[in-house]
Amino acid sequence: MGMKIWLDDLHFLPGTDKSTPEGWVGIGSLEELVAIIEDPDFPGIDEMSFDHDLGDGKPTGTMTMELLAQRAKEKQDLRFWPGKVRVH
């Protein structure tokens, strides 16, 4: 079973529409996502919800999805591509 990843630079704010929902892994940057997917025990991504704007001068949610698509293609491994994708 894969992960549910909530990508938002404000994921740590409780009680907002940005806060990480229960059962999801909250991350705030592309760099954090890369650390997760490079872990040898990475189980894959079942579902991912991302915020397009990750802060001024930071990679966007779109860039993040492009990285995942590239990684899935390079490695020929669909663990890197979320089963469900949404924007919040």
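Start with the contact map of this predicted model: of the contacts between residues at least 6 apart in sequence, 55% join residues at least 24 apart.

Next, switch to cartoon view and colour by secondary structure. You'll find two helices and four strands. Trace the chain from its start and the elements come up in the order β-β-α-β-α-β. The radius of gyration is 12 Å, close to the 12 Å that the globule rule gives for 88 residues, so the protein is as compact as a globular protein of that length. Want a box around it? Along the principal axes, the C-alpha trace spans about 40 × 30 × 20 Å.

Now turn on the surface. About 5,300 Å² of the protein is accessible, and carbon and sulfur atoms account for 54% of that. As for what is hidden, buried residues make up 39% of the 88 residues.

Keep the surface up and colour by charge. The protein has 9 positive and 17 negative charges. Take the mean position of each set, and those two points sit 6 Å apart.

Last stop: hide the surface and select residues 61-75, which is helix H2. Inside that helix, pick out Thr64. Is Thr64 buried or exposed? Thr64 counts as buried because its relative accessibility is 0%, against a cut-off of under 20%.

So what should you select around Thr64? Skip the neighbours within four places in sequence, and show Leu7, Leu30, Leu33, Met48 and Leu54 as sticks: these are the residues in contact with Thr64. Leave those sticks on beside helix H2, where Thr64 is found, and you have the last view of the tour.

Technical notes:
Residues numbered from 1 in each chain as written. Predicted model: local features only at pLDDT ≥ 70, side-chain atom pairs only at ≥ 80, totals over all residues. Heavy atoms only, no water. Rg over C-alpha atoms; globule rule 2.2 N^0.38 Å. Buried < 20%, exposed > 50% of the residue type's maximum accessible area, 1.4 Å probe, protein only. Contact = heavy atoms within 4.5 Å. Areas by Shrake-Rupley, 256 points an atom, 1.4 Å probe, with all protein chains shown as cover. Lys, Arg positive; Asp, Glu negative; His and termini not counted. Charge placed at Lys NZ, Arg CZ, Asp CG, Glu CD.
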